[in-house]
Amino acid sequence: MDFVEKTLHSDKVFAGKIMSVRVDTVLLPDGKQSTREIVEHNGAVAVVAVDSEGAVYLVRQFRKPVEEVLLEIPAGKLEPGEDPLECARRELLEETGLVARDWTRVFRYYSTPGFTSEVVHVYVARDVEQHAAAPESDEFLEVVKMPLDEAYDKVLDGTIRDGKSIVAIQHLVLNGLKRPVSKDQG
């Protein structure tokens, strides 16, 4: 069976700073029509920064859509046409003040493909050095350093509930800190 939905018509209903929304009329594989509400997003990066002791750096910040303070790995949105690695370097420095000498993109994934086009590029940053953080003017966060096994425990006990952080921390634990991280360009 061909599962592809052919777009018959597309209407942009909202254009914002970080995302747009469109409604597509599609032809389904069985010949019927339906609509799809799609959030268009430029994508994002997420970084697991690991120091020489095996500790990881997280940020604690309030997230308005869920009305909670979350513990997450550093992350940020891609500007149109921006290289994901350059974005990852920028976001790590802005949010934590860390600069890394060794960067590996471990994978990329679709955050919520049921309604958004967002792709998240996940990096591991090693050999980190502390500099001054420079969060954006509307960004209020606290940097939290902890051993990787403690971060993993926080994933398992539900303290860390952010998807990109869960996926990235589990990946790092499953692949071990001492073994090389895959250079998969995903």
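1. Let's start just past helix α2, at G158: in this predicted model, that glycine takes a positive phi of about 90°. There's another one to look at in the hairpin of β4 and β5, where four residues sit between the strands and G54 has a positive phi near 85°.

2. Now α2 itself, residues 148–156. Which of its residues are buried? They are L148, A151 and V155. These residues cover an arc of only 60° around the axis, so they end up on the same side of α2. Look at the other side of the helix and you'll find D149 and L156 exposed.

3. What covers the buried residues of α2? The cover includes two strands, β5 (55–63) and β10 (141–147), plus helix α3 (163–175).

4. Strand β4 (residues 44–50) is mostly covered, with seven of its seven residues buried. Side chains in a regular strand alternate between the two faces of the sheet. For β4, A44, A46, V48 and V50 are on one side, V45, V47 and A49 are on the other, and all are buried, so both faces are covered.

5. As for the partners of β4, it pairs in the parallel sense with β9 (residues 119–130) over six bridges, and V48 stands opposite V124 there. With β7 (residues 75–77) the pairing is antiparallel, over three bridges; here A44 stands opposite K77.

6. β5 turns up again as a β4 partner: the two strands run antiparallel and are joined by two bridges. If you want a spot to click on, A49 stands opposite Y57 in β5.

Note on methods: Residues numbered from 1 in each chain as written. Predicted model: local features only at pLDDT ≥ 70, side-chain atom pairs only at ≥ 80, totals over all residues. Heavy atoms only, no water. Buried < 20%, exposed > 50% of the residue type's maximum accessible area, 1.4 Å probe, protein only. Arc of directions from axis to C-beta. Contact = heavy atoms within 4.5 Å. Pairing = 2+ DSSP bridges.
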